[in-house]
Amino acid sequence: MLMKVRQKIIVVGAGIGGLTTAALLAKRGYEVIVYDLAIVAGGCASTFKRRGFTFDVGATQVAGLESGGIHDRIFKELELEHPEATYCDPACAVFLPNENQPINVWRDRQKWKLERQRQFPNSEPFWNFLEDLFWQSWRFQSRDPILPPRNIWDAWQLLKALRIDTLATVPYTFSTVGDALRGFGLASDKRLRTFLDLQLKLYSQVNAEETALLYAATALAVSQAPLGLFHLNGSMQVLSDRLIESIERDGGKILMQHEVTAIRGERKRKKVKGKNLKTGEAWSDGADHVVANVTVNNFVTLLGDEAPKGYANRVANLKPASVAFVVYLGVVRAAIPDNCPPHLQFLEAGDKPHSLFISVSKEGDGRAPAGKATIIASEFTDAAVWYGDEDYQELKKRFTERAIAQLSEYFYLNEQTIIHVEAATPQTFARYTGRDRGIVGGVGMRVSTFGPFGFANRTPLKNIWLVGDSTHPGEGTAGVSYSAMTVVRQIESA
Ligand SMILES: Cc1cc2nc3c(=O)[nH]c(=O)nc-3n(C[C@H](O)[C@H](O)[C@H](O)COP(=O)(O)OP(=O)(O)OC[C@H]3O[C@@H](n4cnc5c(N)ncnc54)[C@H](O)[C@@H]3O)c2cc1C
């Protein structure tokens, strides 16, 4: 009998996408080595510690931990213990401008239905339509299609996942949420549109008018049972820790502070070149496959002259991606109102309102000492502002003060209650996660770039793969885990 030669895989980046790919491949018998430029693994889903507080850098809530969800499936395959987690219910409390009662996005379907009927009278046919689209798309997604397909094997996986009810979604492939609102006579419902803009921007990076309808149907339904959003006990780092444990158990290696500076793929044996950030030494390594857990913009840079022209042009012509500004507060628990939900969204009144997405730690969830709490507030901001002429430190101070002032309308924040303040700008994300200009979340989910029209895991270069939120944007750690699972199946079939 012919034995298959054990193949070697290099993974560039130890974000959740890279670690999941590495863990699954190591478990399936591949020789795996992960290189990451940072000191701590986890990328946008890692943490940092200050004065007894543990702050989640970016991601604070997790989808896909329910039974059959993508994280659950991966933990089962890796034979890892499930991390302890609690449901977020409501998943989010959304405060619209000049309103002091929130719209609560409840986990229970019926409760959420009653809430939205009360909040947005006459919109139920629109929500029911979205729900039908969601279930059709969800059933399709759970049969593991490969989108977009790039060869016959991919196309076969896609075909196998299709059913009659999937075909019912096809006519909406080119529609946006804006089109659906017009179709249901809701185009002038400003309150509903504002709510949708706020919620969708978190996932799709763009407003309701531009968000692809089929994507929105899923994004707006992940908060409800049997799915749901979870808060991990300990911190977000638990996710990376579990994956690292699995990689090392199965003989894989992870080298931190090893920046990859080039990926070369023209020969059969793929090559990466890099720099050891501790010693300054140059190094290189070769493998059968290279999996890049970086943004598509960074990917093109790493390929250099080898980047196919059409691919590089497409990336260069993408609409500007999102950048984020985040404020991390360590506070005494008295700063938090009673019954404060784990996640909130605030929108200011005004011509150019700006919004904050807020995550609050729970007593005993591992993020703060007893009697204290963390508040993390993030907002999307314009990259041009951060890379323009304004003084960087002044800009950072102005953004921090504005965020704290906005938070003070809900939380009791003053010199006595605030213990620690820190902020991350696009420059911070660029420095600590290597992401081009600090862009976060992936490519915007417009019709031109979602699902069937997005970036594929299979790149134009044979045996060089892209994993992470450029191929599965907007769905956070769940999306990048799905992209990892896809790449692993593709490598196995190669
Ligand atoms: C403010 C904010 C809030 C968010 N909130 C949520 C949330 O609540 N829930 C959720 O699910 N998601 C959330 N997300 C999104 C989520 O964090 C990301 O989508 C996900 O973590 C991205 O994972 P990734 O593996 O694709 O990439 P990354 O996390 O960016 O990981 C990439 C890794 O590659 C390394 N790397 C990059 N370049 C190189 C190189 N040249 N050489 C070596 N190593 C390199 C980096 O150091 C990093 O460790 C949020 C993101 C942000 C920024």
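1. Let me start where domain 2 meets domain 3: there are zero salt bridges between them, a salt bridge being a side-chain nitrogen of Lys or Arg within 4 Å of a carboxyl oxygen of Asp or Glu. The interface does have two residue pairs in polar contact, both at pLDDT 80 or more (N or O atoms within 3.5 Å; within protein, one able to donate a hydrogen and the other to accept it, with residues adjacent in sequence counting only if both atoms are side-chain atoms).

2. A word on the basis: this is a predicted model, where local features need pLDDT of at least 70 and side-chain atom pairs pLDDT 80 or more, while totals for chains, interfaces and linings use all residues. Residues are numbered from 1 along each chain as its sequence is written, and side-chain values use heavy atoms, without hydrogens and water.

3. Domain 2 spans 105–225 and domain 3 spans 323–433, with bounds from an automatic or database domain assignment. Their centres, taken over C-alpha atoms, lie 29 Å apart. Six residues of domain 2 and five residues of domain 3 make the contact (heavy atoms within 4.5 Å).

4. Together the two domains bury about 550 Å², with 71% of that on carbon and sulfur atoms; this is the accessible area (1.4 Å probe) lost on putting the parts together, summed over both. On the domain 2 side, Leu198, Lys201 and Leu202 lose the most area, together 77% of what that side buries.

5. Now the cysteines: the whole structure has zero disulfides (cysteine sulfur atoms within 2.5 Å). The sulfur of Cys88 has its closest cysteine sulfur in Cys92, 9.4 Å away, so the two are too far apart for a bond.
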